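Student: Can you walk me through this one? I'm new to it.

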Amino acid sequence: MTRKIIAAALLLTTSLCANAQQTDVSEVRRIISTLAADSMMGRGTFTPGIEKASLFIESEFEAAGLEKLPGAASYRQPFAMKGRTIYPADSLALVPGAKALHNVVGLIRGKSKPEEYVIFSGHYDHIGILKAVAEDSIANGADDDASGITAVILLARHFKQHPPERTVIFACFTAEEIGGFGSRYFSRK
Ligand SMILES: [Zn+2]
């Protein structure tokens, strides 16, 4: 499901970039290469690498001028997970062994139909460190799914410049590679 949305987002970005200036191309390169950098260590869920990726996406959302979800203090949409079960963030203290994780979500309110929503999404986690291939063990995940997140960020900027009629939500999910948990939590909310 996420993939289809990403494909749509990528198509849209491609067409946006086709008639845009060189700066957009260099921005695509900057964002995607930051997310896929070795320093992000493959963005495995529950690793320091994915925390770095999150901070980067949050700073991009801030720079783009996105709003936060209603009542949220940051772009993080926190929840908890134990085994393959997801819980609301406030159950962290109640469920022994549950770990914290979060999606990164921002939005632009629609001008005329703010109660209708359009969502662009990608996932910012990847599979982390694997068995080395040619002495390289970091799965950088440029296309899976740094490219999708790049599209989400550039779409956010685009819609900030061209205010939408409907509310547009920009969602970067976590823990997709290990079972689609981020999007599952998001769609429950
Ligand atoms: Zn993926």
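Here is a short chat about the sheet, the helices and the cores.

Tutor: Keep in mind that this is a predicted model.

Student: Okay, sheet first. In what order do the five strands sit?

Tutor: The order is 2-1-3-7-4, in an open sheet with mixed pairing.

Student: Which strands are at the edges?

Tutor: Strand 2 (85–88) and strand 4 (113–123), and each pairs on one side only. Neighbouring strands in this sheet are turned by 30 degrees against each other on average, ignoring direction.

Student: How many bridges join strand 1 to strand 2?

Tutor: Four, and the two strands run antiparallel. As one pair, Ala-80 has Tyr-87 in strand 2 as its bridge partner.

Student: What does helix 3 touch on the sheet?

Tutor: Helix 3 packs against strand 3 and strand 7, and its direction makes about 20 degrees with that of strand 3. Helix 5 (residues 181–188) packs on the sheet too, touching strand 1, strand 2, strand 3, strand 4 and strand 7.

Student: New topic. Which residues touch the most other members of the largest nonpolar core?

Tutor: Leu-35, Ile-149, Val-152, Phe-170 and Cys-172, out of 33 residues in that core. Helix 4 gives the largest share, eight residues.

Student: What about another core?

Tutor: One of seven residues lies apart from it, with Phe-79 and Phe-181 among them.

Student: Back to helix 4. How many residues does it have?

Tutor: Helix 4 has 20 residues and reaches 27 Å from first C-alpha to last, close to the expected 28 Å. Its buried residues include Asp-145, Gly-148 and Leu-155.

Note on methods: Residues are numbered from 1 along each chain as its sequence is written. This is a predicted model: local features need pLDDT of at least 70, side-chain atom pairs count only at pLDDT 80 or more; totals for chains, interfaces and linings use all residues. A nonpolar core is a set of buried Ala, Val, Leu, Ile, Met, Phe, Trp, Tyr and Cys residues joined through C-beta atoms within 7 Å. A residue is buried if 20 or more other C-beta atoms lie within 10 Å of its own, exposed if 12 or fewer, and partly exposed in between; C-beta atoms are placed from the backbone. The expected span of a helix is 1.5 Å times one less than its number of residues. Two strands pair if DSSP finds at least two bridges between them. Axes are lines fitted to C-alpha atoms, for helices over the stretch in contact, and angles run from 0 to 180 degrees between N-to-C directions. Two residues are in contact if their C-beta atoms, placed from the backbone, lie within 7 Å.
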